[in-house]
Amino acid sequence: MKLCIYPGTFDPFTNGHLDVLARAAKLFGHVRVAIAIDSTKAPLFTPEQRVQLIQANLRGLPNVDVVSFDGLLVKFARKQKAHAIIRGLRALSDFEFEFNMALMNRHLEPKVETIFVMPNESYSYTSSSLVKQIAKLGGDVSKFVPPNVAKALREVYPSA
Ligand code: COA
């Protein structure tokens, strides 16, 4: 059974991430969402919270699980015996960063292929940082994130 890793910071998980995940789950026997602990992004949610926020959205995706990981992605992928890394490409602006990361990962571990999928175009402008900014300023994020994520954001920014 082919295993693919879907890595990211997921701070927080959005409907766009869910769309990519559902597409990946159709392509692979198993998909492991891998939450990067060593993020340069100073995440709002702890790795444990991010695992829980994603896990609650896996109904209908029996071949998906969620873990967190430390250190290099390719080392983690190799340890898991993953066949591929999957990443979402929302727009052309994602391309350069993703291209560099995929080539660097290939250099570090030639056996693990990176595969890109395009989420539905309605998510092309969704990003975790925009969602956090909107929530912080009291805007409605319910169209961009699953209900449990919207609730978690309201708990962090109750008075916004
Ligand atoms: N829908 C909505 N938003 C999406 C999306 C989608 N389908 N795909 C990406 N995004 C957004 C995210 O919301 C996020 O937005 P933000 O920057 O505003 O927070 C951004 O695009 C990318 O986030 P994410 O998909 O969570 O991934 P990432 O770029 O934060 O993850 C890692 C990067 C974790 C995969 C990478 O840093 C890594 O591999 N780290 C481990 C260390 C390592 O191996 N480093 C060497 C790499 S060569």
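1. Let's start with the lining of the largest cavity, which by class has 4 nonpolar, 2 polar and 2 charged residues. Please keep in mind as you read that this is a predicted model. The residues around that cavity are Leu-73, Ile-85, Arg-87, Glu-98, Met-101, Ala-102, Asn-105 and Thr-114. Two elements, β4 (84-88) and α4, each give two or more residues to this lining. The largest share comes from α4, with 4 residues.

2. The cavity itself holds about 30 Å³ of space. If you go looking for others, the count comes to 1 cavity of 30 Å³ or more.

3. Now for the ligand, a good place to turn next. The space that the ligand takes up is the largest pocket. Around the ligand, the elements giving two or more residues to the shell are β1 (3-8), α1 (15-27), α4 (92-108) and α5 (128-136). Helix α4 gives the most here, with 4 residues. You have met α4 already, as the source of the largest share of the cavity lining.

4. How many residues surround the ligand? There are 25, and the closest are Thr-9, Lys-41, Leu-73, Ser-128 and Ser-129. Leu-73 also appears in the lining of the largest cavity. By class, the shell around the ligand divides into 11 nonpolar, 11 polar and 3 charged residues.

5. Three polar contacts are worth finding on screen. Lys-41 places a polar side-chain atom 2.8 Å from an oxygen atom of the ligand. For Arg-90, a polar side-chain atom lies 3.0 Å from a ligand oxygen atom. With Ser-128 the partner is a polar backbone atom, 2.7 Å from an oxygen atom of the ligand. As for cover, the ligand has 950 Å² of accessible area on its own, and the protein covers 83% of that.

6. Two backbone details also deserve a look. As background, most residues other than glycine have a negative phi, and most peptide bonds are trans. Here, the peptide bond joining Asp-11 and Pro-12 is cis, with omega about 0 degrees. You will find Pro-12 in the loop between β1 and α1.

7. The other detail is Ala-42, which is not a glycine and yet has a positive phi of about 45 degrees. Where does Ala-42 sit? Its place is in the loop between β2 (30-36) and α2 (47-55).

Terms used
Residues are numbered from 1 along each chain as its sequence is written. This is a predicted model: local features need pLDDT of at least 70, side-chain atom pairs count only at pLDDT 80 or more; totals for chains, interfaces and linings use all residues. Side-chain values use heavy atoms; hydrogens and water are left out. A residue is near a molecule or strand if one of its heavy atoms lies within 4 Å of it. A polar contact is a pair of N or O atoms within 3.5 Å; within protein, one must be able to donate a hydrogen and the other to accept it, and residues adjacent in sequence count only if both atoms are side-chain atoms. Accessible areas come from the Shrake-Rupley method with a 1.4 Å probe; for residues, only the protein chains shown count as cover. On a 1 Å grid over the protein atoms alone, a cavity is a set of points where a 1.4 Å probe fits but cannot get out, and a pocket is an open set with protein on both sides within 12 Å along at least five of seven lines; lining residues have an atom within 4 Å of a point. A molecule sits in a cavity or pocket if more than half of its atoms lie within 2 Å of its grid points. Ala, Val, Leu, Ile, Met, Phe, Trp, Tyr, Cys and Pro count as nonpolar, Asp, Glu, Lys and Arg as charged, and the others, Gly among them, as polar. Grid points are joined across faces, edges and corners, and a volume is the space filled by probe spheres set on the points.
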